[in-house]
Amino acid sequence: PGRREGAGDEFGQSLAGLDPQITWGVVMDCAPLAFIGSNGLASLVEHSRRLPILLCRVPAPIAKIIEVVHLNRHLRILPDMRSAMDSLVQERAGRR
């Protein structure tokens, strides 16, 4: 996969369209990612303030970047989709 200018902005606009009143959260399968730019990371963090964002199957180099810049304080990384979905359901149940 190549890099695309503006992809982070487009992603942020997609997240902005989600209503936290009716959306439990976002689970993102990151396995296909070869790169994530600063705009993409900023969008994830910005929107994690209003709805849960869980990342799964994050490639090691991207997970390392998230850890080094302490974004793991805002973004949860889980090993697989099942774990991420279970975590989201448990979190939602805890809010009721």
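Salt bridges to begin with: a search of the whole structure finds three of them. This is a predicted model, so every value I give is computed from it.

Take Arg57 and Asp29. These two form a salt bridge, and their closest N and O atoms are 3.0 Å apart. Arg57 sits in the loop between β2 and α3, while Asp29 is in strand β1, so the pair links distant parts of the chain, 28 residues apart. Are these two residues buried or exposed? Arg57 counts as partly exposed, at 44% relative accessibility. Asp29 is also partly exposed, at 31%.

Next, Arg76 with Glu91. Here the closest N and O atoms are 2.4 Å apart. Arg76 belongs to strand β3, residues 76–78, and Glu91 to helix α4, so this salt bridge ties together parts that are 15 residues apart in sequence. Arg76 is partly exposed at 31% relative accessibility, and Glu91 is partly exposed at 26%.

That leaves Asp86 and Arg82, with closest N and O atoms 3.5 Å apart. Both are in helix α4, and because they are four residues apart there, about one helical turn separates them. Asp86 counts as partly exposed, with 35% relative accessibility, whereas Arg82 counts as exposed, with 62%.

Now the chain as a whole. Its secondary structure comes to four helices and three strands. Starting at the N terminus, the order of elements is α-β-α-β-α-β-α. The chain has 96 residues, and 33% of them count as buried. The accessible surface is about 6,200 Å², and carbon and sulfur atoms account for 53% of that. On contacts: taking those between residues at least 6 apart in sequence, 74% join residues at least 24 apart.

On to the inside. How many residues does the largest nonpolar core have? The number is 17, and the residues with the most contacts inside this core are Leu44, Ile53, Leu55, Val58, Ile66, Leu71 and Leu75. Four elements each supply at least two residues of the core: strands β1 (26–29) and β2 (53–56), and helices α2 (38–48) and α3 (60–68).

If you want one residue to look at here, pick Leu44. Setting aside neighbours within four places in sequence, Leu44 is in contact with Phe11, Leu15, Met28, Ile36, Ile53, Leu55 and Leu75. There is also a second, separate core of five residues, which includes Leu54, Leu78, Ala84 and Leu88.

Two members of that second core come up again with Ser87. This serine lies in helix α4, residues 81–95. Not counting residues up to four places away in sequence, Ser87 touches Leu54, Arg76 and Leu78. With a relative accessible area of 15%, Ser87 is buried, because the limit for buried is under 20%. Note that Arg76, one of the residues Ser87 touches, is the arginine that forms a salt bridge with Glu91.

Now the cysteines. How many disulfides does the structure hold? Zero. A disulfide is a covalent bond between the sulfur atoms of two cysteines. Why does Cys30 not form one with Cys56? The cysteine sulfur closest to that of Cys30 is in Cys56, and at 6.6 Å the two are too far apart for a bond. The cut-off for a disulfide is 2.5 Å. From the other side, Cys56 is in no disulfide either, and its nearest cysteine sulfur is that of Cys30. Both residues are out of the way of the surface in the accessibility values: Cys30 is buried at 2% relative accessible area, and Cys56 is buried at 0%.

Last, the surface. Which residues form a nonpolar patch there? They are Ile65, Val68 and Val69, and together they have about 250 Å² of accessible area. Ile65 lies in helix α3, and Val68 is found in helix α3 as well. Ile65 is partly exposed, with a relative accessible area of 40%. Val68 is exposed, with 52%, because exposed begins over 50%.

One distance to finish on Ile65. In sequence, Ile65 and Ile36 are 29 residues apart, and in space they are 9.5 Å apart, C-alpha to C-alpha. Ile36, for its part, is one of the residues in contact with Leu44.

Note on methods:
Residues are numbered from 1 along each chain as its sequence is written. This is a predicted model: local features need pLDDT of at least 70, side-chain atom pairs count only at pLDDT 80 or more; totals for chains, interfaces and linings use all residues. Side-chain values use heavy atoms; hydrogens and water are left out. A nonpolar core is a set of buried Ala, Val, Leu, Ile, Met, Phe, Trp, Tyr and Cys residues joined through side-chain atoms within 4.5 Å. Buried means under 20% relative accessible area, exposed over 50%, partly exposed in between (1.4 Å probe, protein chains only). Contact means heavy atoms within 4.5 Å. Patches are made of residues with over 30% relative accessible area and no salt bridge: like charges are joined within 9 Å, nonpolar side chains (Val, Leu, Ile, Met, Phe, Trp, Tyr) within 5 Å. Accessible areas come from the Shrake-Rupley method with a 1.4 Å probe; for residues, only the protein chains shown count as cover. A salt bridge is a side-chain nitrogen of Lys or Arg within 4 Å of a carboxyl oxygen of Asp or Glu.
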